[in-house]
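Here are some short exercises to work through at your own pace. Try each task before you read its solution.

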Amino acid sequence: MSGYVGVGIIGAYILLTLLLVPVQYKYIKQLKETQKRNRERGVSVEDHYDQMSFETQQLHFNAQGNLLFIGANLLATLFYNLKTRGKK
């Protein structure tokens, strides 16, 4: 019986990951575009994060550091890098 619970939890995590990939992809794309604009203006990454409000910093940390989002973050980053590989 406990084997079914484990399979259910893993299945739910895979489903959650697949649902979150498009959201995380858009987030990563926007983050990379912002970093590119900041580099063009001469703003360092550290200064960019220092200029963020506390609330925005917390949202960023949660979107990138939450354990539930690890799979979606990895897949979204992989897709982003594959899609932009020829543009660099």
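## Exercises on a predicted model

**Exercise 1. Find the neighbours of Y27, then describe its setting.**

Leaving aside residues up to four places away in sequence, Y27 touches H60, A63 and Q64. Keep in mind that this is a predicted model.

- Step 1: locate the residue. Y27 sits in helix 1.
- Step 2: judge its exposure. Buried means under 20% relative accessible area and exposed means over 50%, with partly exposed in between. Y27 has a relative accessibility of 25%, so it counts as partly exposed.
- Step 3: look further along the chain. Y27 and N73 are 46 residues apart in sequence, yet their C-alpha atoms are 9.5 Å apart in space.

**Exercise 2. Check the span of helix 4 and list its buried residues.**

- Step 1: count. Helix 4 covers residues 70-84, which makes 15 residues.
- Step 2: work out the expected span. The rule is 1.5 Å times one less than the number of residues, and for helix 4 the expected value is 21 Å.
- Step 3: compare. From first C-alpha to last, helix 4 reaches 21 Å, close to what is expected.
- Step 4: pick out the buried residues. In helix 4 they are G71, A72, N73, A76, Y80 and T84.

**Exercise 3. Find the aromatic pair and classify it.**

- Step 1: recall how to describe a pair. Two numbers are used for aromatic rings, the distance of the centres and the angle of the planes.
- Step 2: search the model. There is one aromatic pair in the structure, and its partners are Y25 and Y80.
- Step 3: classify. Planes under 30 degrees apart count as stacked and over 60 as edge-to-face, with the rest tilted. The rings of Y25 and Y80 are 6.1 Å apart centre to centre with 55° between the planes, and the pair is tilted.
- Step 4: place the partners. Y25 belongs to helix 1 and Y80 to helix 4, so the pair ties together parts that are 55 residues apart in sequence. Both Y25 and Y80 are buried.

**Exercise 4. Describe the largest cavity and its lining.**

- Step 1: count the cavities. The structure has one cavity of 30 Å³ or more.
- Step 2: give the volume. The largest cavity holds about 40 Å³ of space.
- Step 3: name the lining. Q35, N38, R39, V43, S44, V45 and H48 line the largest cavity.
- Step 4: assign the lining to elements. Helix 1 (2-41) and helix 2 (45-51) each give two or more residues, and helix 1 gives the most, with three.
- Step 5: sort by class. The lining has two nonpolar, four polar and one charged residues.

How values were computed
Residues are numbered from 1 along each chain as its sequence is written. This is a predicted model: local features need pLDDT of at least 70, side-chain atom pairs count only at pLDDT 80 or more; totals for chains, interfaces and linings use all residues. Side-chain values use heavy atoms; hydrogens and water are left out. On a 1 Å grid over the protein atoms alone, a cavity is a set of points where a 1.4 Å probe fits but cannot get out, and a pocket is an open set with protein on both sides within 12 Å along at least five of seven lines; lining residues have an atom within 4 Å of a point. Grid points are joined across faces, edges and corners, and a volume is the space filled by probe spheres set on the points. Helices (H or I, at least four residues) and strands (E, at least two) are DSSP runs, numbered from the N terminus. Ala, Val, Leu, Ile, Met, Phe, Trp, Tyr, Cys and Pro count as nonpolar, Asp, Glu, Lys and Arg as charged, and the others, Gly among them, as polar. Buried means under 20% relative accessible area, exposed over 50%, partly exposed in between (1.4 Å probe, protein chains only). Contact means heavy atoms within 4.5 Å. Rings of Phe, Tyr and Trp (its six-membered ring) pair if their centres lie within 6.5 Å; planes under 30 degrees apart count as stacked, over 60 as edge-to-face and the rest as tilted.
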